[in-house]
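Reader: I'd like to go through this model with you before I head back to the bench. Could you take my questions as they come?
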Amino acid sequence: MMLRFGHRGAAGYEPENTLRSFKKAVELNVDWIELDAQICKTGEVIVLHDTKVDRTTNGTGYVEDKTLAELRTLDAGKGEKIPTLEEALDTIARKAKVNIEIKREGAAGKVFEIINRYVRDKGWQWDDFLISSFNHYELLDFRRLTDKVKLGAVIAGIPIGYAECVERIRAYSLHPSKEFLNQALVDDAHKRGMKVFVYTLNETDDIEKVKKLGADGIFSNFPDRI
Ligand code: G3P
Ligand code: CA
């Protein structure tokens, strides 16, 4: 079965990484919602792709220089606010599983603390989460905190020795970009017992191509096209 990942929620339909986008993804019946995690000046984990707020809001500057209160004044599109990770989880409410992509170095501990709380107190399961990152050291930190959570190694390109690093973090899945995906990589990851989830496919011909290679999941801004 091909798993459908709503990328930044359903970013093709609603402002990316907003509660509105997550609701839309749930409406489209995705298996997983992918979102990006950053940390702001006051230490909260917030959901935003870039290190700066410029592209997706009406503000300017770095997230790490802004307090949560300051971030709250910004419009992230259609009047939406930048959500905290907790708000995103409360909105998704286990209607889809959640792939948290760690964008900020040093965020592993805080993200773990939050999902630990959601598992302990709010009826979520460890299996509802998949933690991923381009920063594999961050994943290694996460793995040192727990064995219970699935980890996904995001790669852009095909690094020599990729297998060593994904095995070291005991990755559940490999998340390659569509640009460099080939049959050998899919087969090699499968041979090592990993799932292959490919980002980010918005055109139906690209989606068909990746399906033929035998990938296990696809990230899309338009998850209903998968
Ligand atoms: O997690 C897959 C994909 O979202 C990684 O790239 O830049 O869209 O966060 P990016
Ligand atoms: Ca992402």
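Reader: Let's start with the metal: which residues coordinate the calcium ion (ligand 2)?

Author: Bearing in mind that this is a predicted model, the calcium ion (ligand 2) is coordinated by Glu34 and Glu101 through OE atoms and by Asp36 through OD, at 2.1 to 2.3 Å.

Reader: And what spacing do the donors of that calcium ion follow along the chain?

Author: For the calcium ion (ligand 2), the donors follow the spacing E-x1-D-x64-E along the chain.

Reader: Is Glu34 buried or exposed? And what about Asp36, buried or exposed?

Author: Glutamate 34 has a relative accessible area of 3%, so it counts as buried. Aspartate 36 is buried as well, because its relative accessibility is 0%.

Reader: Switching to the packing, how many residues are in the largest nonpolar core, and which have the most contacts inside it?

Author: The largest nonpolar core has 58 residues, and those with the most contacts inside it are Leu35, Ile100, Val111, Phe129, Ile131, Phe142 and Leu174. Helix α4, which covers residues 108–121, supplies the largest share of this core, with 6 residues. As background, nonpolar side chains in soluble globular proteins tend to be buried together.

Reader: Take Ile131 from that list: which residues does isoleucine 131 touch?

Author: Leaving out residues up to four places away in sequence, isoleucine 131 touches Asn99, Ile100, Ile102, Val111, Ile115, Leu139, Phe142, Val149, Lys150, Leu151 and Gly152. Apart from the core discussed above, there is a second, separate core of 10 residues, which includes Cys40, Val63, Leu68 and Leu71.

Reader: You mention a cysteine, so how many disulfides does a search of the whole structure find?

Author: The search of the whole structure finds 0 disulfides. Cysteine 40 is buried, because its relative accessibility is 3%, whereas cysteine 165 has a relative accessible area of 27% and is therefore partly exposed.

Reader: Where does Cys165 sit, then; what lines the largest pocket?

Author: Cys165 is one of the residues lining the largest pocket, together with Phe134, His136, Tyr137, Leu140, Glu164, Arg168 and Ile169. The elements that give two or more residues to this lining are α5 (136–145) and α6 (162–168). About 160 Å³ of space lies in the pocket.

Reader: What about enclosed space: how many cavities of 30 Å³ or more does a search of the whole structure find?

Author: The search finds 1 cavity of 30 Å³ or more, and the largest cavity has a volume of about 50 Å³. The residues that line the largest cavity are Glu16, Asn17, Thr18, Val47, Leu48, His49, Thr56, Ala76, Ile82 and Pro83.

Reader: Leu48 and Ile82 make me curious about valine 53; which residues does valine 53 touch?

Author: Valine 53 touches both Leu48 and Ile82, and also Gly59, Thr60, Gly61, Val63, Lys66, Leu71 and Leu74, not counting residues up to four places away in sequence. Valine 53 is found in the loop between β3 (45–47) and α2, and it is buried because its relative accessible area is 0%.

Reader: On to backbone oddities: what is phi of lysine 78 near?

Author: Phi of lysine 78 is near 50 degrees, a positive value in a residue other than glycine. Most residues other than glycine have a negative phi. Lysine 78 is in the loop between α2 (68–72) and α3 (85–92), and with a relative accessible area of 51% it is exposed. Arginine 94 also has a positive phi, of about 65 degrees, although it is not a glycine. Arginine 94 lies in the loop between α3 and β4 (97–102) and counts as partly exposed, because its relative accessibility is 40%.

Reader: Last one, towards the end of the chain: where does leucine 201 lie, and is it buried or exposed?

Author: Leucine 201 lies in the loop between β8 (195–198) and α8 (204–212), and it counts as buried because its relative accessibility is 0%. Not counting residues up to four places away in sequence, leucine 201 touches Lys178, Asp206, Ile207, Val210, Ile218, Phe219 and Ser220.

How values were computed: Residues numbered from 1 in each chain as written. Chains lettered and ligands numbered in written order. Predicted model: local features only at pLDDT ≥ 70, side-chain atom pairs only at ≥ 80, totals over all residues. Heavy atoms only, no water. Core = buried A, V, L, I, M, F, W, Y, C linked by side-chain atoms within 4.5 Å. Buried < 20%, exposed > 50% of the residue type's maximum accessible area, 1.4 Å probe, protein only. Helix = DSSP H or I, 4+ residues; strand = E, 2+ residues; numbered from the N terminus. Contact = heavy atoms within 4.5 Å. Donors = N, O, S within 2.8 Å, 3.2 Å for Na, K, Ca; no water. Disulfide = S-S within 2.5 Å. 1 Å grid on protein atoms, 1.4 Å probe; cavity = no way out; pocket = protein on both sides within 12 Å on 5 of 7 lines; lining within 4 Å. Points joined across faces, edges and corners; volume = space filled by probe spheres on them.
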